[in-house]
Amino acid sequence: MMDSDHDVPPSGALPPIGGHRPPFESVGHRGSPSGAFPDDFPSNDSAAESGSVAGSDSTRRAMHAVPPPTAISSLGDASSLVDEDMVDMMGGGGGSVAGGDGGHGGSTPSIRSYHSRSLSLSTRRTGSSEMGGAGGGGGRPGSIRSRAASRAATSSSRRASVASAAAAGRASSVLAPGDGYAEDLRVKELAMFEWSGGGRMVFLVGNWDGYTDRVPMESVKTGCFRAAVEVPVGRLEYKFIVDGKEKYNPDAPTTVDEATGVRVNVRHGDDTLPAGVLGAGGFVDGVGAGDPSKSLPSRRRRLMSRISGLDLYSAFSVQQVVSMFLFRLFYLAMIPSGVYYFYWLIARGGNENAPANWIVFITAEMLSFFSAIISLFGMWKPVKRRWRSLDSLRPALPEADWPTVDVIICHYKEDTEQLRQTIRAAMKLDYPAHLLHILIADDGFFPTSKLVERSDIGLALYQTCVEEAGYDPLVEETMNEKGLVEHYTVKAGDDLPRHDCAVEAHQFEFGPYGADMYAPGALPRLSLVARVKPADAHNKAGNINNVLYNSNADGKIVLFLDADMKPVESYLLRVLPLMLEEQRSDSLQSQLIQADDPELGAGTSKAWQINRDIGFVGCPQRFANVSGDHPDYCAHRNAIYYDGICTGRDGFGMTDFVGTNACWRREVLHEIGGFVYGSVTEDTLTSNEVHRRGYISRYADEDLCWGEAPVTVAAALLQRQRWAKGAIMNGLRIFKGAAKERKQMLLSRGKPSELSEFYAYRRQQRKPNNAFVSTMFWLDSTLYPLLGWGAFGYVFCAIYYLITADAPISPTSTQSLAGAFVTYYFIRYGAFFSAFYEVDMTDVLRSQQCWFSYSFAHTVGVWDALFGGSKFGWVANTGQRHRRSWLEWFNILTLGALLGGIVWRLVAFIAIDEACSPYENFGAVAFGGYVAWMMAPVALVSLNERLSSAEESEREGKTLPVPTPIIAAAITILGVVFLSGWANARCGIEARG
């Protein structure tokens, strides 16, 4: 998407535009002395001397700005400290960072925001050798172990920032309201922004000045630009203008601009300001009057939140509130307008001369109407959660009280190099290393229950873990001396806590161990957990339960990731705050809390506690191979769901778990007995069980995890077939009440505490209020494959209409048509677009097209769930290795039939009807053309896979090339022939008199 091959002028900073200072001009806060900005961002010349700054193509990052703590005092006071840290982090020499010869192999500093209240220097944990250089600092090529020193710097800087925040806050002075303009009252900081996506001329624009001024960015190397800009403290949105085109960085956090609907980057800062200081928006809201450390919503905001149902502590705009009320109005009006429309369709508007077409059309319209009612209900009160980061909470949560986290990466037969990137991303999470435990849940280590030998992919995965951790537990000296390995354990028989998911559980520990976990620069623990499968292995659910119960995993929070899902460094800092609740001193919870909170660190903080009503917090799946300008003909982005429906369900506390990118409370998983068995989509079944017990879920609407989408239509169809089968299985299980059988699998938890009884009572009191909501969501999740049968109805009506020229409806007058058909569809589309106004229109179109294209795969999945009884293998689950599938032929043949029907109708109009029925004939062509347009993209991608002679990588996700000039010429010639035939037909001659 981004061109990185442009040449960049060798000049330094670009000249200022519109009154802005050059990007690297020394800038202080309120008259700070010049020279405050550290000399750690080299120019082109210095970059050439010290090596490349950016990483390799596979690991490079585009622009992101690291949000620092709040700044009040000058930057000049920090210059000496910054320079010392820079010398330490750069390894003392000019080693290569991206390529070439290295000096000391030190890690390079990441993009920073410089701030006077806290001098937090976040470092990018990538060693020079990892980026492809020959660094001499001792790091193994490609190893995370070589980045250990950088982690130490990050941890120490975070602790220093917490300590310095209070002192700097006391020493700072700010203007009180009335001392100047609002612009002067906004607390500002100097932030560094970077763009590494190529281009010749790059400018930065942001919402801090309404995107009016273009800040020129300085070229530091080919394709890399930087700019230091003084911006208000708090949450900001920004984008780049690269060679005249607006762009955003897909690898950094993004959001949709509320004013324009365009996706932009977002920078999360500390939006808690001292009392009496105006925020970034120029008004005081949410700032406590008496206690600066606590932020309380204003009375206006509380009233608006109560009326609208929007989240009290998340930002929402006037446009969001207006669109939500418009949606509610349209949604409520859609029901009576739909009733009248179907009355009209049955009693007045139907075509009795074509009863088959009429009846099928009514059935398809009813299925579509019912689908709209149950699916749009979830958008009644959407929530866009924008909370503070874990390290920016006010009052602060000490690092000692941060919860322990297990990161479980599920793997079966995926490529080990792909998994290596996920392991590295998990290792680089911005979180204390001793609180992290990375576990690889490998379900392909032992191929079958009868073959207790490691598979080839299992050996490759083991070697990958050894290389990334720098330690091999199978080559210890004790292995040679005693035949035992301390860090390789096997559990079987009575030693196995859970026998339903494993016959044997094997765990390899790759360190660090004991006190080494707390050493400066230590990496998180890395473990590989494999199982010898029982006869009924329960697929992914059994693999996860084996790690939860048969390994030494004990983190209070569990983050689940698929093998291809790579979290951004700030993932835990952004997600974990949504699991917390602030405790008031007079609340019942605080009176019941004992000296230790079992889920929150050392329990020294009484300001924050884990919200025990929450089961899990999820975030959307983003895919790098279909992001930005990449075509997404198969709707893998699924923006209607991730950017719309999930935020709507979050308003009710019932967002689905999609199998990855979610943090769960271990206590909740233990309560339900781990992942629930009985479906090929165990993720949604497990979240349904959690919601049934009264727990709520939340949704972090940020781009925090990036993976790879299926690359072929065959893979996508097999994936949707599996989802449809799982939806029916889950719905039947809930309908039959089979979920209650899970109670017998609950582990003994002893006598519950008063606090646990209090939360259980609160959940029980809330459950009846969710009965209607739960039913609507259950219907939506279960029936969507069946309601998709409406697509078959529209295809049948289109083909029937094209063959016979008999429309399914026959209105008696324009007024009658407008009073029913036009009114109904105006209200329905009004509800739809007001609900999903933030979703890109291209993604909306792809979702509508794939509703037609996936209908046959959904039907096969429904049949398999009800009657087939077959088990899906791994290839059918993911479809990654499928290039072709018989399911594709439905789309190809349907498109061919529609195009053939259009040609037939045009010929029949001249040859058979003698040009006497233009309205019926051109109506058929228009209806058939619309359905063909819906079916065309996916069908053309399938045809390209079969007919193109290009390499596989070049065919992936691309439609069959259409010779547009030839087609245009043919249409011109045939159009003239058609018009001539029309004019010389019987009715054409009669029309000319």
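This report describes the fold, nonpolar cores, aromatic pairs and helix contacts of a predicted model.

## Overall composition

The protein chain has 993 residues, of which 56% count as buried. Its secondary structure comes to 29 helices and 24 strands. Contacts across the sequence are frequent in the following sense: among contacts between residues at least 6 apart, 77% join residues at least 24 apart.

## Nonpolar cores

In soluble globular proteins, nonpolar side chains tend to be buried together. The largest nonpolar core of this model contains 67 residues, and Tyr341, Leu376 and Phe836 have the most contacts inside it. Leaving aside residues up to four places away in sequence, Phe836 touches Leu376, Met379, Ile640, Gly644, Ile645 and Met841. A second core, separate from this one, has 61 residues, including Tyr431, Leu435, Leu573 and Ile614.

Two of the three residues named for the largest core, Tyr341 and Phe836, also belong to a cluster linked by ring pairs. The cluster consists of Tyr341, Phe342, Trp344, Phe369, Phe821, Tyr824, Tyr825, Tyr829, Phe832, Phe833 and Phe836.

## Aromatic pairs and charges over rings

A pair of aromatic rings is described by the distance of the centres and the angle of the planes. A search of the whole structure finds 55 such pairs. One of them joins Tyr641 and Tyr642, with 5.1 Å from centre to centre and 75° between the planes, an edge-to-face arrangement. Tyr641 has a relative accessibility of 17% and therefore counts as buried; Tyr642, at 6%, is buried as well.

Phe909 and Phe922 also form an edge-to-face pair, because their ring centres are 5.4 Å apart and their planes lie at 65°. Phe909 is in helix α25 (residues 888-911) and Phe922 is in helix α26 (residues 918-947), so this pair ties together parts that are 13 residues apart in sequence. Phe909 is buried at 0% relative accessibility, whereas Phe922 is partly exposed at 32%.

Charged side chains also sit over aromatic rings. The charged end of Arg214 lies over the ring of Phe203, 6.0 Å from its centre. The charged end of Arg946 lies over the ring of Trp889, 5.2 Å from its centre.

## Helix contacts

Helix α25 also meets helix α28 (residues 964-984): their axes come within 9 Å and cross at roughly 30°. The two helices therefore count as roughly parallel, the cut-off for that class being under 35 degrees. Leu906, Phe909 and Ile910 of α25 make the contact with Phe978, Gly981 and Trp982 of α28. Phe909 thus appears both in this contact and in the ring pair with Phe922.

Helix α26 has a contact with helix α22 (residues 841-853), in which the axes come within 8 Å and cross at roughly 90°. The two are therefore roughly perpendicular to each other. From α22, the residues involved are Leu845, Arg846, Gln848, Gln849, Cys850, Phe852 and Ser853. From α26, they are Val931, Trp933, Met934, Met935, Pro937 and Val938.

## The surroundings of His411

His411 is located in strand β11 (residues 405-411). With a relative accessible area of 2%, His411 is buried. Apart from residues up to four places away in sequence, His411 touches Leu419, Ile440, Ala441, Asp442, Asp443, Gly444, Ile457, Leu461, Asn543 and Ala563.

How values were computed
Residues numbered from 1 in each chain as written. Predicted model: local features only at pLDDT ≥ 70, side-chain atom pairs only at ≥ 80, totals over all residues. Heavy atoms only, no water. Core = buried A, V, L, I, M, F, W, Y, C linked by side-chain atoms within 4.5 Å. Buried < 20%, exposed > 50% of the residue type's maximum accessible area, 1.4 Å probe, protein only. Contact = heavy atoms within 4.5 Å. Phe/Tyr/Trp six-rings, centres within 6.5 Å; stacked < 30°, edge-to-face > 60°. Helix = DSSP H or I, 4+ residues; strand = E, 2+ residues; numbered from the N terminus. Lys NZ or Arg CZ within 6 Å of the ring centre and 35° of its normal. Axes fitted to C-alpha atoms, helices over the stretch in contact; angles between N-to-C directions. Parallel < 35°, antiparallel > 145°, perpendicular 65-115°, else oblique.
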